[in-house]
Amino acid sequence: MAEIKESMKRNAWLKMESDEIQAVYEFNRGYLEFLSQIKTEREAADYFYSKAREHGFVPLSEVQSITAGQKIVLADKGKVCALLIIGQEPLINGINLVASHIDSPRLDLKARPLYEADGQALFKTHYYGGIKKYQWVAVPLALHGVVVKKDGKTIKVAIGEKEDDLAFTIADLLPHLAKDQMELKMSEAIKGESLNILVGSRPLQDSGEEGIKKYILDLLKSKYEIEEDDFTSAELQMVPAYAAREIGFDRSMIGAYGQDDRVCAYTSFQAILEVEKPQRTILCLFVDKEEIGSAGNTGLQSLIIENIMAELLHKAGVHDYFSIRRSLANSYALSADVNAAVDPNYPEVFEKMNCSFLGNGVVMTKYTGSRGKSDSNDANPEFLGRIRKLFDEHKVAWQIGELGKVDIGGGGTVAQYMARYGMEVVDLGVALLGMHSPFEVASKADVYMAYRAYKAFMQDF
Ligand code: MN
Ligand code: MN
């Protein structure tokens, strides 16, 4: 089959020498550990901030003036992190920006989550992002997040990750009694209001009514200092409780929750740690809320980028509004996000001449959107030509991508929220199988090539 031969020619593994293949496996060991440990945007923002500090990045608040080579870090609201390296060229020439998102689809607890029914205590949830609800039942779940007390004290929670730790789950309906359910559409078989988490079943001694709920409240109070009212000022999320795993006899893939988009976050972070004395100022940005439309003050529809540029220019002694605009318009950006890999179980939704494949390298996606490219940033070919040259010069294995067949569906990324400043933007990231599922799969070669691509863009573009 001509098609298979053609695709093999493009396979990234076949383009690497053995020492580079070693580097692929080595790089992915760190990535695997990161995925097992970091499951929410808050944890990712904390991780990047503290690692950046260890690598000599100085908090923006402590920076008085701007000089070339300076390494700067900032965090915002615990859910955004940004790393900067000041370039040789003046800021007015623009920056090279790589933006990824660190939130992932999951089940958020409601503001009043805890109730008792039929001998069980349960948490009500409201799902976050685009999930297939049936994937979230009958799997072990962990609870992550923060509870903020009235006095401002923040309690961090991460329960269910250690091997001997307790976990949670949503029981699924047994097949014996699912005759009617099995006739329903997949989108309706599991309802949002039935994604209730099992959190207990043992009543408090001599407690009367709702003894099971009372015992849970007792435990929350004594173990975590959390009272029932505190849930109203909390951000608590149920995520898959298992660690990331190597997949395949050849260990060529990574299976894990949250690779959309922490694969691009991790790889761009590792890349900036290795950048030295760039020509242009570089900004590696990790944002929240992409999965629900980049809204809110931690998403990219807010003025995060503009505010960072304004503060940088201010510290560089440039105070006029026009300079901020010009600097942003002169910038180049990679919207670092994932795309869908062709899945041989569902070939009918992919158009194989233009979709991306597992293992063929980092994916450059000119446009996303749905139907007639609706809500898409459609990258300019003048910019793409230069990107192609950069990757070929740096021997980055890359491929093109499009999100499935034209009429099948679609999706978007943060690209459009950067493009509005006038900067050149293109989507560049890793192809995943099972995107948005609790166990997404990526190729280790693609993960490594994403890191190489981001590094080339930050150091040399
Ligand atoms: Mn994404
Ligand atoms: Mn997504």
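**Exercise 1. The surroundings of serine 294**

Task: Find which residues serine 294 touches, leaving out residues up to four places away in sequence, and decide whether serine 294 is buried or exposed.

Solution. Step 1: list the contacts. Serine 294 touches Lys289, Gly299, Leu300, Gln301, Ser302, Val414 and Tyr417, once residues up to four places away in sequence are set aside. Keep in mind that you are working with a predicted model.

Step 2: place the residue. Serine 294 sits in the loop between S13 and H8.

Step 3: check the accessibility. The relative accessible area of serine 294 is 2%, and buried means under 20%. Serine 294 is therefore buried.

**Exercise 2. The first metal site**

Task: Work out which atoms coordinate the manganese ion (ligand 1) and where in the chain histidine 101 and aspartate 337 lie.

Solution. Step 1: collect the donors. His101 (NE2), Asp260 (OD), Asp337 (OD) and Asp337 (OD) coordinate the manganese ion (ligand 1), at 2.1 to 2.5 Å.

Step 2: write the spacing. Along the sequence, the donor residues of this ion, ligand 1, follow the pattern H-x158-D-x76-D.

Step 3: locate the pair. Histidine 101 belongs to strand S4 (residues 95-101), while aspartate 337 is in the loop between strand S14 (332-335) and strand S15 (339-340). The two are 236 residues apart, and the pair links distant parts of the chain.

Step 4: look at burial. Histidine 101 and aspartate 337 are both buried.

**Exercise 3. The second metal site and the bridge**

Task: Repeat the analysis for the manganese ion (ligand 2), then find which residue bridges ligand 2 and the manganese ion (ligand 1).

Solution. Step 1: collect the donors. For the manganese ion (ligand 2) they are Asp260 (OD), Glu291 (OE), Glu291 (OE) and His436 (NE2), at 2.1 to 2.6 Å.

Step 2: write the spacing. The donor residues of ligand 2 are spaced D-x30-E-x144-H in sequence.

Step 3: see what the pair connects. Glutamate 291 lies in the loop between strand S13 (281-287) and helix H8 (304-315), and histidine 436 lies in the loop between strand S21 (431-433) and strand S22 (440-443), so the pair ties together parts that are 145 residues apart in sequence.

Step 4: check the accessibility. Glutamate 291 has a relative accessible area of 12% and is buried. Histidine 436, at 19%, counts as buried too.

Step 5: find the bridge. Aspartate 260 coordinates both manganese ions, ligand 1 and ligand 2, which are 3.3 Å apart.

Step 6: look at the backbone at the bridging residue. The peptide bond from aspartate 260 to aspartate 261 is cis, with omega near 10 degrees. Aspartate 261 lies in helix H7.

**Exercise 4. Two helix pairs**

Task: Describe how H8 packs with H9 and how H2 packs with H7, giving angle, axis distance, handedness and contact residues.

Solution. Step 1: start with H8 and helix H9 (residues 321-329). Their axes are 10 Å apart and the packing angle is about 120 degrees. An angle of 65 to 115 degrees would count as roughly perpendicular and one over 145 as roughly antiparallel, and H8 and H9 are therefore oblique to each other. Their crossing is right-handed.

Step 2: list this contact. Ile305, Glu306, Met309, Ala310 and Leu313 of H8 meet Tyr321, Ser323, Ile324, Arg325, Ser327 and Leu328 of H9. By class, the contact of H8 with H9 holds seven nonpolar, two polar and two charged residues.

Step 3: turn to helix H2 (residues 18-37) and helix H7 (residues 259-273). Here the angle is about 130 degrees and the axes are 11 Å apart, which makes H2 oblique to H7. The crossing of H2 and H7 is right-handed.

Step 4: list the residues. From H2 come Phe27, Gly30, Tyr31, Phe34 and Leu35, and they meet Gln259, Arg262, Val263, Tyr266, Thr267 and Gln270 in H7. The contact of H2 with H7 divides into six nonpolar, four polar and one charged residues.

**Exercise 5. Positive phi**

Task: For aspartate 206 and glutamate 225, give phi and the place in the chain.

Solution. Step 1: aspartate 206 is not a glycine, yet its phi is positive, about 50 degrees. Aspartate 206 is in the loop between strand S9 (197-200) and helix H6 (211-224), and is exposed, with a relative accessible area of 81%.

Step 2: glutamate 225 has a positive phi near 60 degrees. Glutamate 225 lies in the loop between H6 and strand S10 (234-240) and counts as partly exposed at 42% relative accessibility.

Key: Residues numbered from 1 in each chain as written. Chains lettered and ligands numbered in written order. Predicted model: local features only at pLDDT ≥ 70, side-chain atom pairs only at ≥ 80, totals over all residues. Heavy atoms only, no water. Donors = N, O, S within 2.8 Å, 3.2 Å for Na, K, Ca; no water. Helix = DSSP H or I, 4+ residues; strand = E, 2+ residues; numbered from the N terminus. Buried < 20%, exposed > 50% of the residue type's maximum accessible area, 1.4 Å probe, protein only. Axes fitted to C-alpha atoms, helices over the stretch in contact; angles between N-to-C directions. Parallel < 35°, antiparallel > 145°, perpendicular 65-115°, else oblique. Left-handed = near helix turned anticlockwise from the far one by under 90°. Contact = heavy atoms within 4.5 Å. Nonpolar A, V, L, I, M, F, W, Y, C, P; charged D, E, K, R; others polar.
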